[in-house]
Amino acid sequence: ALDPNERGFSQRMFFDGVDDKVTLDSEIVISTEAFFEAHAEIPIGSDRNCMAGKTSSGGDIILTASQATFRNDGDSAANWDISGLTGVHQFRFETGSGNSVSLFIDGVSQGAEFIVAGALTISAIGKGRFTTSLGFGIISDVNINDQASYRGYGIDDWQDQIGSNNGTVT
């Protein structure tokens with residue numbers, strides 16, 4: 001895990017939970033045998049940290065103080081209990097065959113959950129489909145199925161490290 005106190009001196013972008021988001025140049029679809037990976041801060045209390053999602057209708061990936069959720073575009077969700085974790089950790093959500101979604105935290109499997117078939121479309125980092133689905137905390141080192149990768153340091157550094165699907169901070 002990264003230093004949970006890094007918020008004060010890190011170059012990583014802090015999402016304010018009000019209106020910060022990174023809009024991708026084009027959508028990326030997470031379907032069978034794919035993954036979404038990022039370092040993200042677990043929020044405190046009732047706050048939510050939306051790691052990624054589709055900004056209109058669709059699914060999202062959200063952390064709360066007690067739960068990690070992967071919700072596909074068809075509104076089917078897989079949930080894992082993350083109570084007791086604090087600070088910034090590496091989260092990796094993997095979709096497998098047979099409608100399974102697995103979660104790894106800092107490389108350790110948290111198990112697989114099953115959802116109704118469907119893909120997750122990602123059009124933004126730090127924003128999901130609802131007005132309450134906003135990033136709150138640190139999100140960095142994002143990799144979306146080796147199709148796009150973002151370091152997420154500072155406001156201007158959301159350039160795709162793999163291809164040309166750059167992100168724009170708004």
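# Close-up views of the predicted model

**View 1. Phe93 has Leu103 of strand 9 as its bridge partner.** The model is predicted: local features need pLDDT of at least 70, side-chain atom pairs count only at pLDDT 80 or more, and totals for chains, interfaces and linings use all residues. Residues are numbered from 1 along each chain as its sequence is written, and side-chain values use heavy atoms, with hydrogens and water left out. Strands here are DSSP runs of E with at least two residues, numbered from the N terminus. Two of them pair if DSSP finds at least two bridges between them. Strand 8 and strand 9 (residues 100–105) pair in the antiparallel sense, over five bridges. Four residues lie between the strands of this hairpin, and Gly98 takes a positive phi near 75° there.

**View 2. Strand 3 and strand 8 run antiparallel, joined by eight bridges.** Strand 3 covers residues 34–41 and strand 8 covers residues 88–95. His39 has its bridge partner, Gln90, in strand 8. A charged side chain also appears in this view: Arg92 lies over the face of Phe35, at 3.8 Å from the ring centre. A charge sits over a ring if NZ of Lys or CZ of Arg is within 6 Å of the ring centre and within 35 degrees of the ring normal.

**View 3. Phe14 and Phe136 form one of the five aromatic pairs that a search of the whole structure finds.** The ring centres of Phe14 and Phe136 are 5.8 Å apart and the planes stand at 65°, so the pair is edge-to-face. Rings of Phe, Tyr and Trp (its six-membered ring) pair if their centres lie within 6.5 Å; planes under 30 degrees apart count as stacked, over 60 as edge-to-face and the rest as tilted. Distant parts of the chain are linked by this pair: Phe14 belongs to strand 1 (residues 14–16) and Phe136 to strand 12 (residues 136–144), 122 residues apart. Phe14 has a relative accessible area of 31% and is partly exposed; Phe136, at 23%, counts as partly exposed. On this scale, buried means under 20% relative accessible area, exposed over 50% and partly exposed in between (1.4 Å probe, protein chains only).

**View 4. The rings of Phe15 and Trp158 make an edge-to-face pair, because their planes are at 75° and their centres 6.1 Å apart.** This pair links distant parts of the chain, with Phe15 in strand 1 and Trp158 in the loop between strand 13 (148–150) and strand 14 (167–169), 143 residues apart. Phe15 is buried, with a relative accessible area of 0%, and Trp158 at 0% counts as buried. Through ring pairs, Phe15, Tyr150 and Trp158 are joined into a cluster.

**View 5. Seven strands build an open sheet with antiparallel pairing, in the order 7-6-5-4-11-2-14.** Strand 7 (77–81) and strand 14 are the edge strands, each pairing on one side only. From one strand to the next, the twist averages 25°; axes are lines fitted to C-alpha atoms, and angles run from 0 to 180 degrees between N-to-C directions. At one edge, strand 6 (residues 67–71) and strand 7 pair in the antiparallel sense over five bridges. The bridge partner of Phe70 in strand 7 is Ala78. Strand 14 contains Val169, which at 24% relative accessibility counts as partly exposed. Val169 and Lys21 are 148 residues apart in sequence, but 5.8 Å apart in space, C-alpha to C-alpha.

**View 6. Glu33 has a positive phi of about 60° although it is not a glycine.** This residue is in the loop between strand 2 (22–30) and strand 3. Glu33 is exposed, with a relative accessible area of 57%. Asp146, another residue other than glycine, has a positive phi near 55°. Asp146 is in the loop between strand 12 and strand 13.

**View 7. The pLDDT averages 85 over the chain, and 91% of the residues score at least 70.** The pLDDT is the predictor's confidence in each residue, from 0 to 100. Confidence is lowest in strand 14, at a mean of 84, and highest in strand 9, at 96. For residues 1–9 the pLDDT is below 50, and this stretch has 16 contacts in the model beyond near neighbours in sequence. A contact means heavy atoms within 4.5 Å.
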